[in-house]
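I opened the notebook to log what I looked up, entry by entry.

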2 protein chains.
Amino acid sequence: MAQRYFLTKNDFENKSITTDDKHHILKVMRMRSNDFIEVCYLKTCYLAKLSINEQQISYEIIDTLAQRRSVDVTLIQGLPKGNKIDIISKYATMFGVSKMLFVQMDRSIAKEKNSDNKIRRLNLITKEAAELAHRFDIPEIAFFKSLKDIDFKTFDLILLADENEKTIMLNTVVKTTDLDKKIALIIGPEGGISDSERVFFNQKNAHIISLGDNILPTEIAAIYALSYISVKNTELF
Amino acid sequence: MAQRYFLTKNDFENKSITTDDKHHILKVMRMRSNDFIEVCYLKTCYLAKLSINEQQISYEIIDTLAQRRSVDVTLIQGLPKGNKIDIISKYATMFGVSKMLFVQMDRSIAKEKNSDNKIRRLNLITKEAAELAHRFDIPEIAFFKSLKDIDFKTFDLILLADENEKTIMLNTVVKTTDLDKKIALIIGPEGGISDSERVFFNQKNAHIISLGDNILPTEIAAIYALSYISVKNTELF
């Protein structure tokens, strides 16, 4: 399978590669003229053939790559400590999340600050993860100071992962017919969900779900649900 | 939920805590007499009440904790590079794997060596992961130089994750009735499965499965399948 690159508007329109990907193609992958790559722009990917001329890279599009519809899952993630947002961004991207909203919740020890810098860093992580996973798009990332700033009306199905819930599993809540809806998946920070947040989510018609008998740490909990939804999604093909 | 500790035979029989967990209880968790912990030994866990007397820790068992049966999944993991075995050991433990067999496969860049040292290190990782996840046992770990050294006859259902396979998903292969069987899950190393390994696994009656449309890196691929099997398992309760 060819290496995949998400291109800038400029590089896509000029059929060239001038960004950091140029270094990757020339120095890391050591590619040559006539090697194939996959280039993606605006949620479409193409098979392309390289021409490398004195360190200048251009390409010719050979074919448009087929893609299947994926489920629209927005992760609403309680802001965790330290570099856990890096782990979440990387793996949730690979497991097919559509968007990630990091939000300061009652039990978040980390505070929402320097978000522009964080988004710049996370965009590099999600671009690389999306390329490695051969996704057709890069998930969007946003930070919020409060749950109240998120518009929950845009979601058709809201799932709230709750470690206190032990019986309602994903298969009783997520039906095949839900898979063309907009799904929100809420994961609390390290300390979990507070009582007032439970009331808030209940008012938003969130469905409480279990993520199994084991307690999963916040940085990896989302992919439990994303995996199940991905398997379930193939029933629509 | 109380902090969980897996005990040595000696500490379980003496109703004491003398291992590294002692430091964790006294210095990290700063617990006191009459605080509750959960102690586990031989796949059973108990609620226990601490007595701390001049840095000596003993405990009294209050109750046996209820547990549900889990699926018996052995991960057969192509030996990956660097610290990826740490990531696999940690997260596969949290996602409910029963055993992990690391095996040098055709495309493994890493070689099987110093396995005793590695097992000692990984046993610390899996113990901590099992305690955090509130498992009832710690998965076993073993290393193999060759796939031929693994006895595949002990498994009732063998799953082979193959990135070339795009249509056979877990839900068409893993049925509810399979969940009381012994399942093997084979994940290749970074470079994937070789052609001769495909022939070998075919002779072992392995079922090829897809892990979805995205390409997952070897250190995280297993938990895609473990998540689905965990959700499916609850249909037996």
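My entries on the interface, the cores and a few single residues follow.

**Entry: the model**

I am working from a predicted model. I kept that in mind for every value below.

**Entry: the interface**

I began with the two chains. How many residues of chain B are in contact with chain A? I found 35 residues of chain B in contact with 35 residues of chain A.

Next I looked up the buried area. Interface size is often given as the accessible area lost when the parts come together. Here chain B and chain A bury about 2,900 Å² between them. Carbon and sulfur atoms carry 59% of that area.

Then I went through the polar side of the interface. The rule finds four salt bridges across the interface of chain B and chain A. I looked at B:Glu219, which forms a salt bridge with A:Lys90. The closest N and O atoms of that pair are 3.9 Å apart. Across the interface I also have twelve residue pairs in polar contact, with both residues at pLDDT 80 or more.

Which helices of chain B supply at least two residues each of the side that touches chain A? I noted α3 (84-94), α5 (170-173) and α7 (218-233). The largest share of that side, eight residues, comes from α7(B). By class, I logged 18 nonpolar, ten polar and seven charged residues on the side of chain B that touches chain A.

**Entry: the cores**

I turned to the nonpolar cores. The largest has 90 residues. Within that core, A:Leu159 and B:Leu159 touch the most other members.

I listed the contacts of A:Leu159, leaving out residues up to four places away in sequence. Among them are A:Leu170, A:Val173, A:Val174, A:Ile183, A:Leu185 and A:Ile229. A:His207 is also on the list of residues that A:Leu159 touches. Apart from the largest core lies another core, of 17 residues. Its members include A:Leu101, A:Ile150, A:Phe201 and A:Ala206.

**Entry: strand β10 in both chains**

In chain A, I picked A:Lys182, which lies in strand β10 (residues 182-187). Is A:Lys182 buried, partly exposed or exposed? I put A:Lys182 down as partly exposed, because its relative accessibility is 27%. A:Lys182 and A:Val71 are 111 residues apart in sequence, but 7.8 Å apart in space, C-alpha to C-alpha. Not counting residues up to four places away in sequence, A:Lys182 touches A:Asp72, A:Thr154, A:Phe155, A:Asp156 and A:Leu157. With A:Asp72 the contact is polar, side chain to side chain, at 3.5 Å.

In chain B, I picked B:Ile187, also placed in a strand β10 (residues 182-187). I logged B:Ile187 as buried, because its relative accessible area is 4%, under the 20% cut-off. B:Ile187 and B:Met100 are 87 residues apart in sequence and 11 Å apart in space, C-alpha to C-alpha. Beyond four places in sequence, the residues that B:Ile187 touches include B:Leu75, B:Ile76, B:Met105, B:Leu211 and B:Ala221.

**Entry: backbone check**

Last, I checked phi. Most residues other than glycine have a negative phi. A:Leu42 has a phi near 50 degrees, a positive value. B:Leu42 has a phi near 50 degrees as well.

Where is A:Leu42 found? I located A:Leu42 in the loop between β3 (36-41) and β4 (44-53) of chain A. B:Leu42 lies in the loop between β3 (36-41) and β4 (44-53) of chain B. I recorded A:Leu42 as exposed, at 66% relative accessibility. I recorded B:Leu42 as exposed, at 67%.

Terms used:
Residues are numbered from 1 along each chain as its sequence is written. Chains are lettered from A and ligands numbered from 1 in the order in which they are written. This is a predicted model: local features need pLDDT of at least 70, side-chain atom pairs count only at pLDDT 80 or more; totals for chains, interfaces and linings use all residues. Side-chain values use heavy atoms; hydrogens and water are left out. A nonpolar core is a set of buried Ala, Val, Leu, Ile, Met, Phe, Trp, Tyr and Cys residues joined through side-chain atoms within 4.5 Å. Buried means under 20% relative accessible area, exposed over 50%, partly exposed in between (1.4 Å probe, protein chains only). Contact means heavy atoms within 4.5 Å. Buried area is the accessible area (1.4 Å probe) that two parts lose on being put together, summed over both. A salt bridge is a side-chain nitrogen of Lys or Arg within 4 Å of a carboxyl oxygen of Asp or Glu. A polar contact is a pair of N or O atoms within 3.5 Å; within protein, one must be able to donate a hydrogen and the other to accept it, and residues adjacent in sequence count only if both atoms are side-chain atoms. Helices (H or I, at least four residues) and strands (E, at least two) are DSSP runs, numbered from the N terminus. Ala, Val, Leu, Ile, Met, Phe, Trp, Tyr, Cys and Pro count as nonpolar, Asp, Glu, Lys and Arg as charged, and the others, Gly among them, as polar.
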